[in-house]
Amino acid sequence: MTEIDAKIDALVPAWLTLPDIAEQLGVEVTRVRQLVKEGQLIAVRRGENRALHVPAAFIDGDKVVKGLSGTLTLLRDDGFTVEEMIEWLFTPDDTLPGTPAQALSENRGTEVKRRAQALAV
C-alpha cells in the first residue's frame, strides 16, 4: 500500500474506501483488507486523512471485476509497483480501445492479460 502522486490520482475517475467496498460486496472490512493483502485488490493511501482507497472500477456491483486478480498477479510478476499498476490500468490504450481497466470491466480480460504478459518480454 502506497501513497500516490497527483498524476496517478488524476487518471482514476473514482475511488472507494475499504468500508465502501465491504458494504458493496456484503462482507466485513477485514475481508476487504485480506483481499488487498492477498493481491486480489490494490489499495493506496490518498486524501487528507490518508485512508486506503481502491479504484472504483475494480468493483462490479457485488464482486471484484473478473480478471483483475490475474492481471494484478501478472503485473506484480513483471516487477510493477502498486502505483505503476494503477497507471498502466488507467492509461488509455488505442489498441484495446480504452483503458485496460475499462476492458476488464467489459469482460475483455484476455486481451488485457496478453498485453500484461507482453510487458515481461
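Here is a short conversation about the core and the salt bridges of this predicted model.

Trainee: Which helix gives the most residues to the largest nonpolar core?

Mentor: Happy to start there! That core has 35 residues, and Ile86 and Leu89 are among those with the most contacts inside it. Several elements give two or more residues to the core, including strand 4 (51-55), helix 4 (68-77) and helix 5 (82-90). With six residues, the top contributor is helix 5.

Trainee: Which residues does Leu41 touch, leaving aside those up to four places away in sequence?

Mentor: Good one to look at, as Leu41 is among the core residues with the most contacts. Its partners include Val32, Leu35 and Val36, and also Val54, Phe58 and Ile59. The list is completed by Val64, Leu68 and Leu72.

Trainee: How many residues apart are aspartate 9 and arginine 46?

Mentor: Their side chains form a salt bridge, with N to O at 2.8 Å. Aspartate 9 sits in helix 1 (residues 6-11) and arginine 46 in strand 3 (residues 44-46), so the pair links distant parts of the chain, as aspartate 9, partly exposed at 25% relative accessibility, meets a partner at a separation of 37 residues.

Trainee: Which residues make up the salt-bridge network that includes Arg115?

Mentor: Let's build it up from arginine 115. Its side chain meets that of glutamate 111 at 2.7 Å, N to O, and both residues lie in helix 7, four residues apart. Arginine 115 also pairs with aspartate 93 at 3.3 Å, a residue in the loop between helix 5 and helix 6. The linked network consists of Asp93, Glu111, Arg114 and Arg115.

How values were computed
Residues are numbered from 1 along each chain as its sequence is written. This is a predicted model: local features need pLDDT of at least 70, side-chain atom pairs count only at pLDDT 80 or more; totals for chains, interfaces and linings use all residues. Side-chain values use heavy atoms; hydrogens and water are left out. A nonpolar core is a set of buried Ala, Val, Leu, Ile, Met, Phe, Trp, Tyr and Cys residues joined through side-chain atoms within 4.5 Å. Buried means under 20% relative accessible area, exposed over 50%, partly exposed in between (1.4 Å probe, protein chains only). Contact means heavy atoms within 4.5 Å. A salt bridge is a side-chain nitrogen of Lys or Arg within 4 Å of a carboxyl oxygen of Asp or Glu.
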